[in-house]
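Biologist: Hi, I'm new to this protein. Could you walk me through it?
Modeller: Happy to. Let's put it on screen.

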Amino acid sequence: MSGAVPGRVALIGGGPGPLDLLTVRALRLLRAADVVIADRLGPAAEIRAELRPDALLVDVGKRPGHHPVPQERISALLVEHALAGRAVVRLKGGDPFVLGRGGEEVLACRAAGIEVEVVPGISSSLAVPQAAGIPVTHRGTSAGVHVVSGHDAAGPHGPSPATLAALADDSITTVVLMGVRTLPALVAAARAHGVPGERPVAIVENGHTPLQRTTRTTLERAVRAAEEAQVRSPAVIVIGEVARPGLLGEEPPALDARVLTAAPSGSSPTPLAPPMESAGSAAPTARPPVAGPGA
């Protein structure tokens, strides 16, 4: 669309999954979007009914060991659609700036002269433990929290000094995202660093969904417990005294499997575009940029 007025991009944090944990601003921008480029996690499955019937929904979701759309291509899609004059939403699980590579996407948009807004989301590092009845901080138990990617344990030198220090400090909670595959390496490094084997551990799978499940164990038994329970991603690992069973009483049940939203009357399902959909193919007619928060 040569000569089109550039659109804009909004990086939206989708939260841990349920649609009703989105912010009001995020939902407003989604409903106004021409193009939504969505991750696997977050409320992507529920969001279609909230979009305009002519909106394009592009799936760029990553799965463990399977990244069909490289990060560079995701950033390029944002720029291509915005340069064509479209209002683009990048829907990410959790919060865009908490291990979500949102900063890279901001840089790509700004380098292309595209206006970009970041809308915070509820990070799974906080929300998923909460869904299992685990506060990441608790007076008299934990005064701070260290959030780290599981990839931190997978490098040639093992976990960073900051992660090892957090694990060794019984007043700090360590929350590990994307850490199911690297749990054995993390546990081995922690034990070699002198972290007590009885340190409580909780592994929360599919937090805030009807499939939520929590495995309670200790650091020295964590690998075996995860294997016995056949733990699978997505899961959040909590290491620290706050993961001790019974800290806040009985563990809450998983969510009911209820449909929280319905498609607007008379609307048709939003088509799911292939991952490599480009701005040069069929797409919605360009619209003015989405209004800012003060509109």
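Modeller: We'll talk about the overall make-up, then a core, a pocket and a single residue.

Biologist: What should I know before we begin?
Modeller: This is a predicted model, where local features need pLDDT of at least 70, side-chain atom pairs count only at pLDDT 80 or more, and totals for chains, interfaces and linings use all residues. Residues are numbered from 1 along each chain as its sequence is written, and side-chain values use heavy atoms, with hydrogens and water left out.

Biologist: How many helices and strands are there in the protein?
Modeller: The protein has 8 helices and 11 strands. These are DSSP runs numbered from the N terminus, with helices being H or I of at least four residues and strands E of at least two.

Biologist: And how much of the protein is buried?
Modeller: Of the 295 residues, 47% are buried, meaning under 20% relative accessible area with a 1.4 Å probe and protein chains only.

Biologist: Which residues touch the most other members of the largest nonpolar core?
Modeller: They are Leu183, Val201, Ile203, Ile237 and Ile239, in a core of 19 residues. Two or more residues each come from H7, strand E8 (200–205), H8 and strand E10 (235–239), and H7 gives the most, with 4. A nonpolar core here is a set of buried Ala, Val, Leu, Ile, Met, Phe, Trp, Tyr and Cys residues joined through side-chain atoms within 4.5 Å.

Biologist: What is Ile237 in contact with?
Modeller: Leaving aside neighbours within four places in sequence, its contacts (heavy atoms within 4.5 Å) include Val180, Leu183, Val201 and Ile203.

Biologist: Changing topic: which residues line the second largest pocket?
Modeller: Among them are Val180, Leu183, Ile203, Val223, Glu227, Arg232 and Ile237. Helix H7 (183–192) and helix H8 (222–229) each give two or more residues to that lining, and H8 gives the most, with 3.

Biologist: Now Glu105. Is that residue buried or exposed?
Modeller: Glu105 counts as buried because its relative accessibility is 0%. Glu105 lies in helix H4 (residues 102–111).

Biologist: Which side chain does Glu105 join in a polar contact?
Modeller: That of Gln71, at 2.9 Å. A polar contact is a pair of N or O atoms within 3.5 Å; within protein, one must be able to donate a hydrogen and the other to accept it, and residues adjacent in sequence count only if both atoms are side-chain atoms.

Biologist: Which others is Glu105 in contact with?
Modeller: Beyond neighbours within four places in sequence, Glu105 is also in contact with residues including Leu11, Ile74, Arg90 and Lys92.

Note on methods
1 Å grid on protein atoms, 1.4 Å probe; cavity = no way out; pocket = protein on both sides within 12 Å on 5 of 7 lines; lining within 4 Å. Buried < 20%, exposed > 50% of the residue type's maximum accessible area, 1.4 Å probe, protein only.
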